[in-house]
Amino acid sequence: MVNVLRTSPMLLLSLFVLLTVLPFLEANIARGLLAFLITPLLIVYGNKHHLWFRQSLRWMVRLSHKLVLCLGIFFIGVLVSYELLQLLHPSIGYALHLILLSVSTIIYWAPLLLSCPFDKPRPFADRAAYYSLATALFILYHHGTFVYYDGMPTLPFMFMGMTVMMGAFLYLFIQWFRSEQHVDRPTVKGYVVSLQNKNNL
C-alpha cells in the first residue's frame with residue numbers, strides 16, 4: 001500500500017485531504033463516505049492496477065470467496081467499531097472507529113467488486129444472495145438501533161448506505177443480464193451426440 005501511495009501522488013493527496021476533513025464532518029456523513037464511497041473506490045483502484053498480484057494482498061482474494069465469513073466480519077466489525085466510538089474518549093474512539101469500519105467495509109465489498117485475472121469470479125447467483133442478506137442485516141441493524149436508542153442516531157448513514165446498496169444491487173443485476181445475453185448454448189446434437197469431425201457441424 002505504501003508503494004502504491006508513493007507512485008500515485010493524486011491518491012496520496014486525496015487521502016491526506018480526506019483525513020484532514022473527516023474530523024470536521026458530521027460523524028454519520030464521514031462514516032457513510034468512508035464505507036460507501038472510499039472503500040469501494042479503493043477496491044476498484046486495486047482491480048485496475050492489479051494490486052491483488054502482490055503477495056501481501058492475496059489474503060483479500062482468498063477471503064472474498066468466503067461469503068459467510070465476509071458478512072460476519074463486516075457485521076461484527078461495524079458493531080464493535082460503533083461501540084468503541086461510544087465508549088472511548090471522542091478523539092481515540094473516533095479514530096479507532098474509522099479504522100475498524102474501513103477494514104470491515106473493504107472485506108464487505110470484496111466479494112462484490114474484487115476481480116483479478118488469476119481468480120475466477122464468484123457466480124452472479126452467489127453474489128446476489130450475499131448482497132440480499134447483507135442488505136437485510138443492514139436494515140435490521142439500523143431498525144434495532146432505533147428501538148434500542150429510542151431514536152435514529154445513524155439516520156444519515158442508513159440513508160446513504162441504502163442508496164448505495166440499492167444502486168449496486170441494480171448494477172449487479174444489469175451485469176448479470178448482460179452476461180446471460182452472450183451465453184453460447186450448445187445445440188441438441190452437440191449436447192447429446194459427441195461431434196466426431198468438423199463436417200458434422
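**An all-helix fold and its aromatic cluster**

Reading from the N terminus, the elements of the protein go α-α-α-α-α-α-α-α-α. In other words, the tally is nine helices and zero strands. The model is a predicted one, and everything below is computed from it. Of the 201 residues in the protein, buried residues account for 36%.

The aromatic side chains make a good place to start. The structure holds 10 aromatic pairs, and one aromatic cluster takes in F74, Y108, W109, F124, Y130, Y131, F169, F173 and W176. One member of that cluster, F74, sits in helix α5, which spans residues 67-87. F74 counts as buried because its relative accessibility is 7%, and the cut-off for buried is under 20%. Across from F74 comes L101: the two are 27 residues apart in sequence, while their C-alpha atoms are 8.3 Å apart in space. Another member of the cluster, F124, has a charged partner as well, since R127 lies over the face of the F124 ring, at 4.4 Å from the ring centre.

R127 turns up again in a contact along the chain. The C-alpha atoms of R127 and L172 are separated by 8.3 Å, with their positions 45 residues apart in sequence. L172 belongs to helix α8, made of residues 155-181. With a relative accessibility of just 6%, L172 is classed as buried, because that value is under 20%.

Helix α8 also carries T163, and here the picture is the opposite one. T163 has 59% relative accessibility, which is over 50%, so T163 counts as exposed. Its C-alpha atom is 9.4 Å from that of F36, even though 127 residues separate T163 and F36 along the chain.

Helix α7 covers residues 124-149, and Y141 is part of it. Y141 is buried, because its relative accessibility of 14% is under 20%. The C-alpha atoms of Y141 and F75 lie 9.0 Å apart, for a sequence separation of 66 residues.

What about the cysteines? A search of the whole structure turns up zero disulfides. C70 has a relative accessibility of 0%, so C70 is buried. C116 has a relative accessible area of 10%, and because this is under 20%, C116 is buried too.

On the outside, L87, L88, I92 and L96 make a nonpolar surface patch of about 380 Å². Of these residues, I92 can be placed in helix α6, which runs over residues 90-113.

One backbone detail deserves a remark. Most residues other than glycine have a negative phi. H50 goes against that habit: its phi is positive, at about 55°, although H50 is not a glycine. The residue in question is found in a loop, the one between α3 (27-48) and α4 (58-63). How buried or exposed is H50? At 43% relative accessibility, H50 falls between the cut-offs of 20% and 50%, so H50 counts as partly exposed.

Conventions:
Residues numbered from 1 in each chain as written. Predicted model: local features only at pLDDT ≥ 70, side-chain atom pairs only at ≥ 80, totals over all residues. Heavy atoms only, no water. Phe/Tyr/Trp six-rings, centres within 6.5 Å; stacked < 30°, edge-to-face > 60°. Lys NZ or Arg CZ within 6 Å of the ring centre and 35° of its normal. Patch = residues over 30% accessible without salt bridge, like charges linked within 9 Å, V, L, I, M, F, W, Y side chains within 5 Å. Areas by Shrake-Rupley, 256 points an atom, 1.4 Å probe, with all protein chains shown as cover. Salt bridge = Lys/Arg side-chain N within 4 Å of Asp/Glu carboxyl O. Helix = DSSP H or I, 4+ residues; strand = E, 2+ residues; numbered from the N terminus. Disulfide = S-S within 2.5 Å. Buried < 20%, exposed > 50% of the residue type's maximum accessible area, 1.4 Å probe, protein only.
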